[in-house]
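Let's take a look at the interfaces in this one, going from the inside of a chain out to its partner.

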2 protein chains.
Amino acid sequence: MTERKEFRVAVVGATGAVGQQMIKTLENRDFPVSELVLLSSARSAGSKVIYKGNEITVEEAKPESFAGVDIALFSAGGSVSKQLAPEAVRHGAIVVDNTSAFRMDEHIPLVVPEVNEEDLLNHNGIIANPNCSTIQMVVALEPLRKRYGLDKIIVSTYQAVSGAGGAAVKEMEDQTRAILDGKDIDPQILPVKSGEKHYQIAFNAIPQIDTFVENGFTYEEMKMINETKKIMHMPELQIAATCVRLPVGTGHSESVYIEMTEGGVSATDVKALLAESPGVVLQDDPEQQLYPMPALCVGKRDVFVGRIRKDLDNDKGFHMWVVSDNLLKGAAWNSVQIAESLVKLGLVK
Amino acid sequence: MTERKEFRVAVVGATGAVGQQMIKTLENRDFPVSELVLLSSARSAGSKVIYKGNEITVEEAKPESFAGVDIALFSAGGSVSKQLAPEAVRHGAIVVDNTSAFRMDEHIPLVVPEVNEEDLLNHNGIIANPNCSTIQMVVALEPLRKRYGLDKIIVSTYQAVSGAGGAAVKEMEDQTRAILDGKDIDPQILPVKSGEKHYQIAFNAIPQIDTFVENGFTYEEMKMINETKKIMHMPELQIAATCVRLPVGTGHSESVYIEMTEGGVSATDVKALLAESPGVVLQDDPEQQLYPMPALCVGKRDVFVGRIRKDLDNDKGFHMWVVSDNLLKGAAWNSVQIAESLVKLGLVK
């Protein structure tokens, strides 16, 4: 009989949409947890969460909460991470941070295990988890980049409301019911809660996620652009994104056009490669009307890829449709997967 | 006092979603109608429609229905058009056909008045109205093509359910309510009624519109590709499309990437040009969160363009977001607009 090493794991933002999925994922993956410390804002402290049959009380996150913690998964917003992640590291924890606080810091690895697990070896205490829409795209494209080279990406997203949090999902559902009942609506959250204007999401599509940058792109779009370059170690990659919010609860979809370095590749080649790639499930059979859809990806950890077509004009061009659960591979699962990689690589003391 | 010339106008498919909009548009535009003949299948014949305060009874469409008709607007499906449009022409009518039956026939002009009104001069009795998703895109891109040249288009669509007919909209609404109430659903219509499989559209995104072609593209995608080349008279244009159905009642959106022939153009140049282009309304002010959305375009005849950004890598590349009411500019209004052009050009006898 061998004893397995277990770890004290903290989840910061334990009552949020992603935090809840992190706890479920730790349980589903049977992550080696010796003690689970659940932390939140003062407002949510006192909530009870069931983990493996035991009730755990959520406590207010403070610097001293991290004493004795080995791994801390953060998903409580950028300002909480900026304040408390360094405190957690000072107390000896490794932080996996799901906010955008540290993603573009050159001293902090930004990791999708299927793509750049080896970047974990250079960590300084904090590892950043990329943006949800970035993660699923790089999982689908990395095998193609490795085999054929990648020159250019043009992506248009179809993003779910849960990416904006649980309150946004409730707003969508209440609004949908009101519109079906012919009642007035009063949007308060989407597209950006702190923004001046709020728009109907039910039966609509909003081409704004996060606020705008001076160049006309949104921060969400710039995240996809900059994070993809960092994760793939390709500062020279040509990449542009248009990010759109849809009336979908969970499950981001992406229409992705790429130009590879190598020519002469067929759609069959691409499908065969993706079918055997880590983290990818190929769903591509037009005759059977088989293709990924957000409604079918919920609760699954994989990245689903389909609608793979060779461009009709450019021998190096391909189109595809990439779908994943934005709360799992896009957030909670990728964070837990990073923690699994840290354990596997012996990086947790 | 001048007398205005008036015409006997027939609407074929008068009880359908587009037919209803055609009748409303003729009324709103005060089209010079001396008599309105409303035609449908035997099943819908007998329905009553109010036009300018008068009740008109819908009759079954037969070859002899077109005796004395000057202009016939068809929107009753491809097979009806194939059978009856030539009969209407034989009886002396000019046909404006909203189905795909004749669009790619080299002897039949495919017309968006803002783009290629002059092609009407070569008509042989039938004029084809393009696919909804094609029309709004070419209205937005033609001014750029004319001024700067156009080499390449990559478009991803966000298409409304009303493009699949009124029954599809009802399916979406019923399904949405069922899901909100936690009830089971039984999809019967979308993505393609005659297809083997039907999928949930409520809170989902379906990357299939129309059936599949051997090359992996759908017919809807190939329509956008082939029709755009024909309308713009650019067989050499590089163009690809990914067409996706959304839980939106009315209003198609498109994320469009283009590469122009000329370099050195700024986003400001593009915005200024589109602001003064026919059929286009520029809605582009990120600071004010102003951009087009399907929920705001319903009932309007314009094509709304926003989110205009210069590509970060390619000096000739631009991104934009194009929205329009798929039942109006995408169908009924473009058909009536063609009829207006025919009258203006003296082509109706």
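What follows covers the domain contact within chain A and then the contact between the chains. Keep in mind that this is a predicted model.

**Inside chain A**

The domain assignment splits chain A in two: domain 1 takes 7-129 + 331-344, while domain 2 takes 134-326. Measured out over C-alpha atoms, the centres of domain 1 of chain A and domain 2 of chain A sit 25 Å apart. Where the two meet, 18 residues of domain 1 of chain A touch 15 residues of domain 2 of chain A. That contact buries about 1,500 Å², with carbon and sulfur atoms giving 65% of the area. On the domain 1 side, A:L110, A:E114 and A:V115 stand out: they supply 34% of what domain 1 of chain A buries against domain 2 of chain A, more than any other three residues.

As for the polar side of things, the domain interface has 1 salt bridge, along with 6 residue pairs in polar contact. On the domain 1 side, helix 3 (113-116) and helix 9 (328-344) of chain A are the elements that give two or more residues. By class, that side divides into 8 nonpolar, 4 polar and 6 charged residues.

**Between chain A and chain B**

Now for the partner chain. Chain A and chain B each bring 64 residues to their contact. Together they bury about 5,200 Å², and 58% of that lies on carbon and sulfur atoms. A:F203, A:Q289 and A:R307 supply 12% of the area that chain A buries against chain B, more than any other three residues.

The interface of chain A and chain B holds 8 salt bridges, and 38 residue pairs are in polar contact across it. Many elements of chain A take part with at least two residues apiece, among them strand 9 (150-158), helix 5 (166-180), helix 6 (219-231) and strand 13 (303-310). The side of chain A that touches chain B counts 32 nonpolar, 18 polar and 14 charged residues.

**Two salt bridges**

Here is a pair of salt bridges to find in the viewer.

| Salt bridge | N to O distance |
|---|---|
| A:R103 with A:E227 | 3.1 Å |
| A:R307 with B:E221 | 2.7 Å |

A:R307 is worth a second look: its side chain meets that of B:E221 in a salt bridge, and A:R307 is also one of the three residues that supply 12% of the area chain A buries against chain B.

Terms used:
Residues are numbered from 1 along each chain as its sequence is written. Chains are lettered from A and ligands numbered from 1 in the order in which they are written. This is a predicted model: local features need pLDDT of at least 70, side-chain atom pairs count only at pLDDT 80 or more; totals for chains, interfaces and linings use all residues. Side-chain values use heavy atoms; hydrogens and water are left out. Domain bounds come from an automatic or database domain assignment. Contact means heavy atoms within 4.5 Å. Buried area is the accessible area (1.4 Å probe) that two parts lose on being put together, summed over both. A salt bridge is a side-chain nitrogen of Lys or Arg within 4 Å of a carboxyl oxygen of Asp or Glu. A polar contact is a pair of N or O atoms within 3.5 Å; within protein, one must be able to donate a hydrogen and the other to accept it, and residues adjacent in sequence count only if both atoms are side-chain atoms. Helices (H or I, at least four residues) and strands (E, at least two) are DSSP runs, numbered from the N terminus. Ala, Val, Leu, Ile, Met, Phe, Trp, Tyr, Cys and Pro count as nonpolar, Asp, Glu, Lys and Arg as charged, and the others, Gly among them, as polar.
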